[in-house]
Protein chains: 2
Amino acid sequence: MPYFRPEIEAMAGYVPGEQPQTGKFIKLNTNENPYPPSPKVVRAIQQAAEAALMRYPDPMGNAFRDRAADILGVQRDWILCGNGSDDILTIVTRAFAGVGQRLRLPYPSYILYRTLAQLQGAVWEEVRFNDDWSLPPEFAAVVPDLKLVFLPNPNSPTGTVVSRDTIRELAEQLPCPLLVDEAYVDFADENCVGLVAQNERIMVSRTLSKSYALAGLRFGYLVAQPHLIEQLIKVKDSYNCDALSIAGATAAIDDQAWLAETTAKIRQTRGRLAEGLASLGFSVPPSQANFVWCTHPNRSAVTIYEQLKQNRVLVRYMNYPGWGDGLRISVGSDQQIEALLALLKAMV
Amino acid sequence: MPYFRPEIEAMAGYVPGEQPQTGKFIKLNTNENPYPPSPKVVRAIQQAAEAALMRYPDPMGNAFRDRAADILGVQRDWILCGNGSDDILTIVTRAFAGVGQRLRLPYPSYILYRTLAQLQGAVWEEVRFNDDWSLPPEFAAVVPDLKLVFLPNPNSPTGTVVSRDTIRELAEQLPCPLLVDEAYVDFADENCVGLVAQNERIMVSRTLSKSYALAGLRFGYLVAQPHLIEQLIKVKDSYNCDALSIAGATAAIDDQAWLAETTAKIRQTRGRLAEGLASLGFSVPPSQANFVWCTHPNRSAVTIYEQLKQNRVLVRYMNYPGWGDGLRISVGSDQQIEALLALLKAMV
């Protein structure tokens, strides 16, 4: 079968977290929100479904852009809508990184960045976090053909953050765009949207999957300077967002009260989860996301994962070669987290 | 601004047909369906919106795959779901065509194929249709680095078709995959799905945008042999289709009675449109799509387009360098087509 590009045949492909389509699980493995989205989102979608599905959607999703621009304090043309933030990451990678060129990412971080580099035939270099979850100076190093740097902040799988001031300095040193992936930022103390106007190399991506409880909707967006957005539009599919997701996303970002209430609950439960894990002997880095990373000094992470799964609780087991393995546990409802902690208590 | 890949900066970007977000137009420019989708689709979406939007969708859209497989007479693993068939075309192009490699397409045809080639840094060669809308032998020529051939069938902008037998022979001669883009096939007399099992190089893409009246939903799919689908899965975004579109698409393909009724009406109106245009002196190739292509021997196409637009009727003006210009007119309702013909009668 010589048809495919050799890169494609060689690669393993990104494997998303398990999405059991049947059976009843306490699902704490893909950082979904335990609470339903704003009822206004559901109503907006139901109305859009009756409106005009036979028509193409607005190619730019301007209804969303306008509402998001108001909330973020930018103009419409600073925003690009995506079919989930994975679509944004794909667009950005395709726009900046050619064959054999270089991408940089921290290690460990979101596995998808590597997959996107592979698909482009690009080279990626991973720079390990320091033990205190800060970035070493190599992360800002200028090397030939460096075309794009990814920085998930808060990071996955650790939930840890790099400060806004550090990111501003990092972008000043880098010769290429820096994509700050803020998928989890609504659970954190600060964000980098304000930096985008200060440095054209800083771009910020967001998703509605986590904090807005809309993983099923596939909607994300990028904030970048307008002259960058203009080029990125060429790379996206013409109608990358459908009429229902534009309507739902617009209603979602409009309901900031719902967001504030839900993220406050999750942050509170995150504290209980982290404390509970620590009291069972787990090591838990400080998380500003809707999940925590944990390892246990004398219990195998994969065994815990499997035992939890047998008990109908799904967490994410992750193994990073050369760095170690552990469990990434999404912050569910208080009740779900209590059930998890009770099971863990019996195991460790 | 040296950040972008040079291909991106150099390209013009694909321009989709006008989608006026305000004002009342008779919209005959982007081959949308004049009839609403099946009411079962709307109900399925409304239910899905209430179900579990906080959860990620099924990454493979298996509910749709199973129902489509039944209808097409294949197995689930012969089908890949896409965020519109543009997503399918993107996935296929990225999987097969590397930098400097070659794609082939007929001329004139769907402009997006060129854009996809440009995004990959690939080379494209356009082979002109014969005057009778058949393909010349060069279309089957074996040349070095030919990696993918696109054949829209029915073709856009002409609505003309190449027979299934010709396509079978073409694929036997070609050294690479042949993507038969059947976006409009539900309005035609025959299709190529049955050929996929006969030759692994034949792949068929479909969309629900036109015949199922779901342009706003963004849903398309590919039929190909399973060992090809397996590789293509690596290229797609993990969750490329959202929960609402999977639910809506599954309900849509399940309602074959609705499809039969609607496409029959459109085919009937297409006949009236083609006859009406011919009686006004237009030249109209035989169309098996939900649009017709027309040119007038002594009237400027762009002038007609502009005059129609002033009268709140949108058609698509297209200009193919070296080949000619003309109007592509979508088949609307009988009433819309009567309004159009009355306006044209006053103009020519």
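**A helix pair and a buried strand in chain A**

Hi everyone, let's begin with a pair of strands: in chain A, strand β6 (residues 178–181) runs parallel to β7(A), and the two are paired over 4 bridges. Before I go on, please keep in mind that this is a predicted model.

Within that pairing, if you look for A:V204 in β7(A), you'll find A:V180 standing opposite. Now, β7(A) also pairs with strand β8 (residues 220–223) of chain A, over 4 bridges and in the antiparallel sense. One place to see this is A:T207, whose bridge partner in β8(A) is A:G220.

So how many residues of β7 are buried? In this strand, residues 202–207 of chain A, it is 6 of 6. The side that A:I202, A:V204 and A:R206 point to is one way from β7(A), while A:M203, A:S205 and A:T207 point the other way, and all are buried. Yes, that list includes the arginine, A:R206.

Let's move over to the helices. Helix α2 (residues 39–51) and helix α8 (residues 243–254), both of chain A, pack with their axes 8 Å apart and at an angle of about 150°. Angles over 145 degrees count as roughly antiparallel, and therefore that is how we describe α2(A) and α8(A). The crossing of α2(A) past α8(A) is right-handed.

Which residues meet there? From α2(A) we have A:K40, A:V41, A:A44, A:I45, A:A48 and A:A49. They meet A:A243, A:L244, A:A247, A:G248, A:A251 and A:A252 in α8(A). By type, the residues of this contact of α2(A) with α8(A) come out as 10 nonpolar, 1 polar and 1 charged.

Thanks for listening!

Note on methods:
Residues numbered from 1 in each chain as written. Chains lettered and ligands numbered in written order. Predicted model: local features only at pLDDT ≥ 70, side-chain atom pairs only at ≥ 80, totals over all residues. Heavy atoms only, no water. Axes fitted to C-alpha atoms, helices over the stretch in contact; angles between N-to-C directions. Parallel < 35°, antiparallel > 145°, perpendicular 65-115°, else oblique. Left-handed = near helix turned anticlockwise from the far one by under 90°. Contact = heavy atoms within 4.5 Å. Nonpolar A, V, L, I, M, F, W, Y, C, P; charged D, E, K, R; others polar. Buried < 20%, exposed > 50% of the residue type's maximum accessible area, 1.4 Å probe, protein only. Pairing = 2+ DSSP bridges.
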